Amino acid sequence: MPSLAMSVRTAAHFTKGTNKSLLLARAFSSSNRRSQINKVLPSAAEAIKDMKSDSTVLCGGFGLCGVPDTLINEVKATPAITGLTAVSNNAGVVGSGLGLLLESKQIKKMIASYVGENKVFESMYLKGEVELELTPQGTLAERCRAGGAGIPAFFTPAAFGTVVQTGELPLKHNSDGTVQQYGQPRDVKVFDGKSYVMEESIKGDYAFIKAWKADRLGNCQFRFAAANFNGAMARNAKETIVEAEHIVEPGDIDPAAVHVPGIYVKKVIQSTADKKMEKVVNAKDPKDAVAGALGSGDAASKRERIVRRAAKEFKNGMYANLGIGMPMLAPSFVDPSVEVQLQSENGILGLGPYPQKGAEDPDLINAGKETVTLLPGAACFGSDESFGMIRAGRIDLTILGAMQVSARGDLANWMLPGKIKGFGGAMDLVSNPQKTKVVVTMEHTDKKGRPKILKQCEFPLTGKACVSRIITDLCVFDVDFTDGLTLIEVADGVTVDEVKAKTEAPFTVSESLGPML
């Protein structure tokens, strides 16, 4: 068959003076009819028919948003495919997503940042039935992105001084719950006086991707927060398989709206799985919403005191990221004259309130997997870009909950003994305290009355020397990473002696000590 170039040259030889652009168009059209690029396959079964066991599979999605369920379901229906290493932000939930392949024992290892919603997986991991390589969420996104960009390793500030860096995180357990194997310690290098952890990129054999639109050339477009990990993973694998809600003609996706160019994609199929929502949360009257979230009785009044004080941390024009729980309630108490843009690490800037009942959108969730809306002027993007702005210090303020905080600002908020949930994005969010102010909101003591502000944290760390302010139901501390704690405010009716009695860590009292605002 003659090449396209030969067709053009031959046509030009016999038709001197004819418009060359017209000849090129005709030659291309003729060639295109003979050998059209078409990556669309008739079914998921056809797309994975040659898939091999013991492969590394990258699965897009965050919670149940943007998950390639059609492809996952087909692997579940093909029990001969076993021994998979699955890379995903989370491990699905019981009965859905990757949770299906865990239950069918087709996955031997998970590389993920958070597995807290899957009790079956937690049990399997602690019994030694599956391996787990926990990775900070931003690091996971960058490991996937770097692998697709031909970068074998990189340095990140996230997880320095934690069990990730030291290699003390269990990779696999014995059946009796004892640790069989730990992870590998990371190399550390100092740049401009700051310590960074070396992470190796991930190389995928297959990538399962969920797109909103795809054409026969493989070009893909995502919708809202469903971008999450899909873009970075699509660029990574040897064989990227896309399931699309809408398969369209080339040109139907505006070139500026193509999120993944077709060069990365091998196969496209029609998505047939229903879209799901993990946590449907609807808008309520602001007073009712806050009251319901705070609880009742004395505990509610304590939490409201904390949240009202946290709201004072917002300044006009800030970009802020809020953790799950009390931090998410703080905007309810911000003065209307203060405009702050909220960032959600799953890929949203300009996070809006919860939707009205009936207006929920499965492609619009926050980092807590709750249904949300977008404010005018909002932007959506992939997880790799989201964490790029976080690590670079573009976020002015992050407010997080905590289990423990040390006198020097070390934070522990991801793990309790005997339980495994994962880091999520917390390690990345606290990785640049020189540029991002890290504020902790928590009750001053635990349920047994034990101090949560300690000389040294007893639980595994989320970050070292990262917390600059602690807001509790009793008081407010400023934290200096060298000099320690300074008490700057006390709640109404609270004395300095009471704070001392309920705080293990030593502290100084500010000369300008005032009431909790």
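A salt bridge is a side-chain nitrogen of Lys or Arg within 4 Å of a carboxyl oxygen of Asp or Glu. In this predicted model, Arg309, Glu313, Lys437, Arg469, Asp478 and Glu489 are linked in a network of such bridges. The whole structure holds 25 salt bridges.

One link in which two members of the network take part is the salt bridge between Arg469 and Glu313, whose closest N and O atoms are 3.0 Å apart. Arg469 belongs to strand 23 (residues 469–471), while Glu313 sits in the loop between helix 11 (297–311) and strand 14 (319–322), so the pair ties together parts that are 156 residues apart in sequence. Arg469 and Glu313 are both buried.

A second salt bridge joins Lys502 to Glu498, with 3.0 Å between the closest N and O atoms. Lys502 has a relative accessibility of 33% and counts as partly exposed. Glu498 is also partly exposed, its relative accessible area being 24%.

A third salt bridge leads to helix 7. Here Arg145 pairs with Glu142, and the closest N and O atoms are 2.9 Å apart. Both residues lie within helix 7 (residues 137–148), three residues apart, which is about one turn of the helix. An α-helix has 3.6 residues a turn, so residues three or four places apart point the same way. Is each partner of this bridge buried or partly exposed? Arg145 is partly exposed, because its relative accessible area of 30% is not under the 20% limit for buried residues and not over the 50% limit for exposed ones. Glu142 is buried, because its relative accessible area is 13%, which is under 20%.

Helix 7 also meets helix 13 (residues 383–391). The axes of helix 7 and helix 13 come within 9 Å and cross at roughly 125°. That angle makes helix 7 oblique to helix 13, and the crossing of the two is left-handed. On the side of helix 7, the residues that meet helix 13 are Gln137, Gly138, Thr139, Ala141, Glu142 and Arg145. Their counterparts in helix 13 are Ser383, Asp384, Phe387 and Arg391. Glu142 and Arg145, the partners of the salt bridge described above, are therefore among the residues of helix 7 that meet helix 13.

What do the buried residues of helix 13 pack against? They pack against helix 7, strand 5, strand 15 (341–344) and helix 14 (426–429). The buried residues in helix 13 are Ser383, Ser386, Phe387, Met389, Ile390 and Arg391. Helix 13 is followed by Gly393, which has a positive phi near 80°.

Beyond helix 7 comes a loop that runs to strand 5 (153–156), and Ile151 is placed in this loop. Ile151 is partly exposed, with 33% relative accessibility. Leaving out residues up to four places away in sequence, Ile151 touches Arg145, Ala146 and Ser201. Arg145 thus appears again, as a contact of Ile151 and as the salt-bridge partner of Glu142. The C-alpha atoms of Ile151 and Glu200 are separated by 8.7 Å, although these two residues are 49 residues apart along the chain.

The next element is a sheet. Three strands form an open sheet in the order 20-19-22, with mixed pairing. Strand 20 (411–412) and strand 22 (453–454) are the edge strands, each pairing on one side only. Strands of a sheet pair through backbone hydrogen bonds, either parallel or antiparallel. Strand 19 (residues 404–406) and strand 20 run antiparallel and are joined by two bridges. In strand 20, Ala412 is the bridge partner of Gln404.

Two loop residues have an unusual sign of phi to look at. Ala465 is found in the loop between strand 22 and strand 23. Phi of Ala465 is near 45°, a positive value in a residue other than glycine. With 25% relative accessibility, Ala465 counts as partly exposed. Phe224 is placed in the loop between strand 11 (220–221) and helix 9 (230–234). Its phi is near 55°, again a positive value in a residue other than glycine. Phe224 is partly exposed, and its relative accessible area is 32%.

Key. Residues numbered from 1 in each chain as written. Predicted model: local features only at pLDDT ≥ 70, side-chain atom pairs only at ≥ 80, totals over all residues. Heavy atoms only, no water. Helix = DSSP H or I, 4+ residues; strand = E, 2+ residues; numbered from the N terminus. Buried < 20%, exposed > 50% of the residue type's maximum accessible area, 1.4 Å probe, protein only. Pairing = 2+ DSSP bridges. Contact = heavy atoms within 4.5 Å. Axes fitted to C-alpha atoms, helices over the stretch in contact; angles between N-to-C directions. Parallel < 35°, antiparallel > 145°, perpendicular 65-115°, else oblique. Left-handed = near helix turned anticlockwise from the far one by under 90°.
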